[in-house]
Amino acid sequence: MPSSKKEALFIASLIALWYSSNIGVLLLNKFLLSNYGFRFPIFLTMCHMSACAILSYLSIVFLKIVPLQVVKSRPQLLKIATLSVVFCGSVVGGNISLRYLPVSFNQAVGATTPFFTAVFAYLMTFKREAWVTYAALVPVVVGVIIASGGEPGFHLFGFIMCISATAARAFKSVLQGILLSSEGEKLNSMNLLLYMSPIAVLVLLPAALIIEPNVLDVTLELGRKHQYMWLLLLLNSTMAYSANLTNFLVTKHTSALTLQVLGNAKGAVAVVISIFIFRNPVTFVGIAGYSMTVLGVVAYGEAKRRFR
């Protein structure tokens, strides 16, 4: 087989694994938190972070997927810890929202990440974009407002947690650019995950035991009742790491534009699959709102590229 075909096949396999990991962990989160009786989003996030810590160490130190980058100073470690706490907040908020909202609406709200990123970039770094770029964000916000009005399963608390998680994700992205801006402190995403994950576990474990005090009893009881409980939890946690790893590899082997297009399509695929699996009702207004948001995100990305 020619090398070009081998490379194309490798990239296609990466994208397929990236899609299946991202969509798989999202759907499994929803299944566990809403349909399975495992109502512990903080503990679930801690399981994800534990898997990320162990698998990151194995893949970097032993498998050498990427070179190990060493933390060089205490201030750098404090910056990573700050990012880890914000990261925890975004993931926990997203998982809490899945207890109350359909995956389809969760993805519609999550698509507004570029809006929050632009706002935080402006407020924190005074970075201004061309007016056309900001104009492209209008349909992103309007689309979510329309989708909210047309969502049969709308839940106010779930919506607040989802929008907070989306804002926290954007905040972490901008904060990372500020805190780890010097050449000596920059870490690639896999090394950053290696250092953030154990810190996240240390933050989430006491939080889970305090806020979700009966988590161990209920988890053990579910494990006795359902023979696949532990397998589902292990698979879910492994997929959380796989989503990060494949995202890194797809970024490495494709262009920024390709990644943006694939990312937008991934959200749409997740919505369609979730509707088929969970059978949540959707309305024309909800679909129209989500479509407007996605088109706004596409327009925003194109405007950023052209008017940089």
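1. A word on terms before we start: two residues are in contact when heavy atoms of theirs lie within 4.5 Å. With that in hand, look at Asn-264, which touches Val-297 and Val-298 once residues up to four places away in sequence are set aside. Asn-264 sits in helix α12. Is Asn-264 buried or exposed? Buried: its relative accessibility is 17%, and the cut-off for that label is under 20%.

2. Please keep in mind that this is a predicted model. Confidence for the protein chain averages a pLDDT of 92, and 98% of the residues score at least 70. Which element has the lowest mean pLDDT? That is helix α12, residues 256-278, with a mean of 86; this helix also holds the Asn-264 of my opening point. At the other end, helix α2 (residues 41-62) has the highest mean among the elements, 97. As a general reminder, where pLDDT is low, the predicted coordinates should not be read in detail.

3. On the overall fold, the protein chain has 13 helices and 0 strands. Reading along the sequence, you therefore meet one α after another, in the pattern α-α-α-α-α-α-α-α-α-α-α-α-α.

4. How does the radius of gyration fit the chain length? For 308 residues, a compact globule would come out near 19 Å, and the protein chain has 20 Å, so the two agree. Taken along the principal axes, the C-alpha atoms fill a box of roughly 55 × 50 × 50 Å.

5. Turning to packing, 48% of the 308 residues count as buried. Contacts also reach along the sequence: among those between residues at least 6 apart, 86% join residues at least 24 apart.

6. For the surface, the protein chain exposes about 15,400 Å², and carbon and sulfur atoms supply 71% of that area. The chain carries 23 positive and 9 negative charges. How far apart are the mean positions of the positive and negative charges? They are 5 Å apart.

7. Leu-192 is a good residue to bring up on your screen. Leu-192 belongs to helix α9, residues 189-211. With a relative accessible area of 2%, Leu-192 is buried, because the label applies to anything under 20%. Leaving aside neighbours within four places in sequence, Leu-192 is in contact with Ile-80, Leu-83, Lys-172, Gln-176, Leu-180 and Leu-187. If you would like a distance to check, the C-alpha atoms of Leu-192 and Ser-20 are separated by 23 Å, with their places 172 residues apart along the chain.

8. Lys-64 is found in the loop between α2 and α3. Is Lys-64 buried or exposed? Exposed, with a relative accessible area of 62%. Its phi is near 55 degrees, a positive value in a residue other than glycine. From C-alpha to C-alpha, Lys-64 and Gly-89 are 30 Å apart in space, and they are 25 residues apart in sequence.

9. Finally, have a look at Arg-279, in the loop between α12 and α13. Arg-279 has a relative accessible area of 65%, so it counts as exposed; the cut-off for that label is over 50%. The phi of Arg-279 is near 55 degrees, again a positive value in a residue other than glycine.

Technical notes
Residues are numbered from 1 along each chain as its sequence is written. This is a predicted model: local features need pLDDT of at least 70, side-chain atom pairs count only at pLDDT 80 or more; totals for chains, interfaces and linings use all residues. Side-chain values use heavy atoms; hydrogens and water are left out. pLDDT is the predictor's confidence in each residue, from 0 to 100. Helices (H or I, at least four residues) and strands (E, at least two) are DSSP runs, numbered from the N terminus. The radius of gyration is taken over C-alpha atoms; the globule rule is 2.2 Å times the number of residues to the power 0.38. Buried means under 20% relative accessible area, exposed over 50%, partly exposed in between (1.4 Å probe, protein chains only). Accessible areas come from the Shrake-Rupley method with a 1.4 Å probe; for residues, only the protein chains shown count as cover. Lys and Arg count as positive and Asp and Glu as negative; His and the chain ends are not counted. The place of a charge is taken as NZ of Lys, CZ of Arg, CG of Asp or CD of Glu.
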